[in-house]
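Trainee: I would like to learn how to read the contacts between chains. Could you take me through them step by step?

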Amino acid sequence: MEKTLAEIAQAVNGAVLGNPDQMISGAAPFDDASDKDITFVAAPKFLKTMDSCKAGAMIVPEGVSRPGANLVVVKNPLIAFTKVLELLYPFMPQKPGIHPTAVVGERFVCGRNVSIGPFTAIADGVCLGDHVEIHPHVVIERNVVIGDHVLIHPHVTILERCRIGSRVIIHAGTVIGSDGFGFAPDGERWIKIPHKGIVQIDDDVEIGANNAIDRGTLGRTWIRKGVKTDNLVHIAHNVTVGENSVFAAQAGVAGSATLGRHTTVAGQAGITGHLKLGDNVVIGPQAGVTRAVPDNTIVSGSPEMPHKTWLRAMSIIPRLPEIKKQILELAKKVNRLEQNKDKPEA
Amino acid sequence: MEKTLAEIAQAVNGAVLGNPDQMISGAAPFDDASDKDITFVAAPKFLKTMDSCKAGAMIVPEGVSRPGANLVVVKNPLIAFTKVLELLYPFMPQKPGIHPTAVVGERFVCGRNVSIGPFTAIADGVCLGDHVEIHPHVVIERNVVIGDHVLIHPHVTILERCRIGSRVIIHAGTVIGSDGFGFAPDGERWIKIPHKGIVQIDDDVEIGANNAIDRGTLGRTWIRKGVKTDNLVHIAHNVTVGENSVFAAQAGVAGSATLGRHTTVAGQAGITGHLKLGDNVVIGPQAGVTRAVPDNTIVSGSPEMPHKTWLRAMSIIPRLPEIKKQILELAKKVNRLEQNKDKPEA
Amino acid sequence: MEKTLAEIAQAVNGAVLGNPDQMISGAAPFDDASDKDITFVAAPKFLKTMDSCKAGAMIVPEGVSRPGANLVVVKNPLIAFTKVLELLYPFMPQKPGIHPTAVVGERFVCGRNVSIGPFTAIADGVCLGDHVEIHPHVVIERNVVIGDHVLIHPHVTILERCRIGSRVIIHAGTVIGSDGFGFAPDGERWIKIPHKGIVQIDDDVEIGANNAIDRGTLGRTWIRKGVKTDNLVHIAHNVTVGENSVFAAQAGVAGSATLGRHTTVAGQAGITGHLKLGDNVVIGPQAGVTRAVPDNTIVSGSPEMPHKTWLRAMSIIPRLPEIKKQILELAKKVNRLEQNKDKPEA
């Protein structure tokens, strides 16, 4: 969708420096942009290379100017760029209405402007808000409640009684509300503990593809407002994830752990069950967290330790063979010194 | 579903101490229970805090009494509690029968009291036992055989010729019988090795959400009786998992490994291919098992080592920088001693 | 399907030693083969045990003979065996044509000899090549383009505008083209960066079950010719995977990483974003790669190091407690030596 630079600047609340009538038809990374593209200057380091950039226009932070270039000056170039992406490549909604192949149960409560794709299976007692878009092959089980402006991608399963807030996005293949992994030992056998709780997902959450989020044994597994998860993430029964936390791909949290606000869990990291983590905690990639973590702490390693300690310790691991050799040599020298000691002096 | 304490005690083979007519309408964790809830005392440590518990009734182990409280005395409170959960929150089966949208192939053998949900695709030659409940959007490929009292959640795929026992539960999004990851090198290219074996899942197995269990190259991948897996678990071609083994989330086993009875694989752990593990082996979280493990062994770390060794070794990792410094200081001291040695005595 | 040894030899371009009329009805591993089975000798070590093998025939490398046995002599026994598997257990295609339950959008371009299974949902503007086989419950979104001889297993999702080459296999439950995990921080909140790029999968690629491959933010995520992935693999936005690379199960690559030709990523390994890896790189199991890796390098560990260094370092980890003790003892000895030094000589 082609726009003038003036139209783009207006959409992002920015000011044009240069030609407001410049036509822009695409967006591109800084190094790949052509003269029909707009790009953005994310960090001061890019300012040095602005002259080599071939973009038709650039979104820049306040205070930047460049005679002869077409600039849009804004407070936060990355956030402005996300709005420009939506402007140039608008989201293409599904056709509104319920596709004739969809199966909808009894006591269905359906908001305004809802779109339900082919082969969607909605069980009894489901309640959808306004502007909900459900893509093909979604399964929504009994008595699920979903808010407004929710987008659910194909092959998502939402199991009975789970509650989804507003402005939530759930990517393809994800399972919300599977039974938690709870068994009572009976000799060597395992007796299933029935899982009768739910998953509650609050507003503005985005869940990646092929996630699995288990329901509480009793009570809820709770994904609070603004949480974002990447692909293949596992969240166990009765976990609470604090507001605006993020999980990179293949991370996992075991049962009944409580994460604070604005936690960052890097890829393939794991968190042991029943732990309590503070606010603004950062967990490094592949870390294994086994103890409570206080607010504003960065931990790495498995088992975890303060990130700076980990960096120093990891720099030594490849040198362990050399260190072992040093110790052997030291031991020899000390032995020699001890033996000499016992000898009469020359 | 409301019950009297007497009804509950009867269901779990327990004895009431207190008021058998007490009405119970819910179950709750020890700390959250209200006066209409029943809870349970899992461990002796909770006995001390029984006075602060607000539950309407408690399931307690034999030998416990508390004047004025309503107790159900049983041998194993946790197992009794699982039964109470089923009593108070009974499983709600799907409507029996084959949903009109389901597609069923030729030579279909269907047991009694089977329920098949919307959009289920059952290929030719499939055989289902009695009391099988298949949720919406399940795909069952050619010549699959499934036993009695099996529950299959939405979006599960069971590929051709796989065999599922009785009392098996498979959670949403799981794939049973995908091709194993086997390729023959031909220069830099990889030639696919056709996978013609099956997956065999024995009785009383529960498979978590979004698992992937590959078929054997030839022969079978074999999940033996009573095995339980959590979410996002990977089991490769020709693996055998011994009876009553459990896999926590995001664990994986490479091709042709053999696990003994009652193995415990913790979260995000991995097991190398072609290994043989003994019975009652415990594998720690994020462990990487690269060698055979004898019976009754706990291993941790990547590569794995005895768990106690690992605990001691891991306690040293954060202190490596300090240890390195100690060695440097020792070396200096030894050098000084050596130099003094060579000097004539004062 | 029963074949004579002569027929088998012809199919694999091999020479029969022994009885060309020997009937073969199955294939089996070396140790399990019966007198109706053919097996293969993968490595010279098996030649010693050929006499104990009960197979009706063996595929052997050039130069091997064994009087009285039925042999098929070929250059590469494993590759010949893959062909024999296809001969004895031929792939059973779905019925050709579009299943009446499938939903197909407008402007559908469909090649010759295409098979589309039940409940497949194909959106507008999709283009399929010849001999494409789509199993039940596949979702193909707007304007996806798929080449010839492609096999797509159940419950796969291919999202809008993604491009799939020829001779590609995608296993069940996999998601191609989910949004990348990109968010702009706005205080503690995260603003979604729209993902407008695609996934491009080139010819001869095989993707395992329950993978998630994200689309580019802009531009493409690019899986080049001949790549193979195992189950539960994550590939993030704007990653490029070089030709003939392989990913074992549960491995993951973060955004904008570039992998060279013929990379081997072992199970549960992770690769940090924005890295550039050379050709013929091997990444060990559970490794965490945090820096660029040059061509022809094997790395292991988290963070990664040269594989040989890692092997030596890891052999020391279990001995750290002992090493710490040695250092303490050395320190004591050195202290004693220093104290003795200061004493007047006896």
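Mentor: Happily! Contact here means heavy atoms within 4.5 Å. By that rule, chain A brings 72 residues and chain B brings 66 residues to their shared contact. Keep in mind that this is a predicted model, where local features need pLDDT of at least 70 and side-chain atom pairs count only at pLDDT 80 or more, while totals for chains, interfaces and linings use all residues. Residues are numbered from 1 along each chain as its sequence is written, chains are lettered from A in the order in which they are written, and side-chain values use heavy atoms, with hydrogens and water left out.

Trainee: How much area do chain A and chain B bury between them?

Mentor: Buried area is the accessible area (1.4 Å probe) that two parts lose on being put together, summed over both. For chain A and chain B the value is about 5,100 Å², with 67% of it on carbon and sulfur atoms. A:Phe181, A:Glu188 and A:Trp190 supply 14% of the area that chain A buries against chain B, more than any other three residues.

Trainee: How many salt bridges does the rule find across the interface of chain A and chain B?

Mentor: The rule asks for a side-chain nitrogen of Lys or Arg within 4 Å of a carboxyl oxygen of Asp or Glu. It finds 3 salt bridges across this interface. A salt bridge joins the side chains of A:Lys192 and B:Glu206, at 2.7 Å from N to O.

Trainee: Which element gives the most to the side of chain A that touches chain B?

Mentor: Helices (H or I, at least four residues) and strands (E, at least two) are DSSP runs, numbered from the N terminus. Elements of chain A that each supply at least two residues to this side include strand S21 (175-178), strand S23 (189-192) and helix H4 (307-316). H5(A) gives the most, with 10 residues.

Trainee: What turn lays chain A on chain B?

Mentor: Copies are superposed by least squares on the C-alpha atoms of residues with pLDDT of at least 70 in both. Chain A can be laid on chain B by a turn of 120° and a shift of 0.0 Å along the axis, with an RMSD of 0.1 Å. That is the relation of a three-fold axis.

Trainee: And what is there between chain C and chain A?

Mentor: Chain C and chain A bury about 5,100 Å² between them. The count there is 3 salt bridges, and C:Lys192 meets A:Glu206 in a salt bridge of 2.7 Å, N to O.
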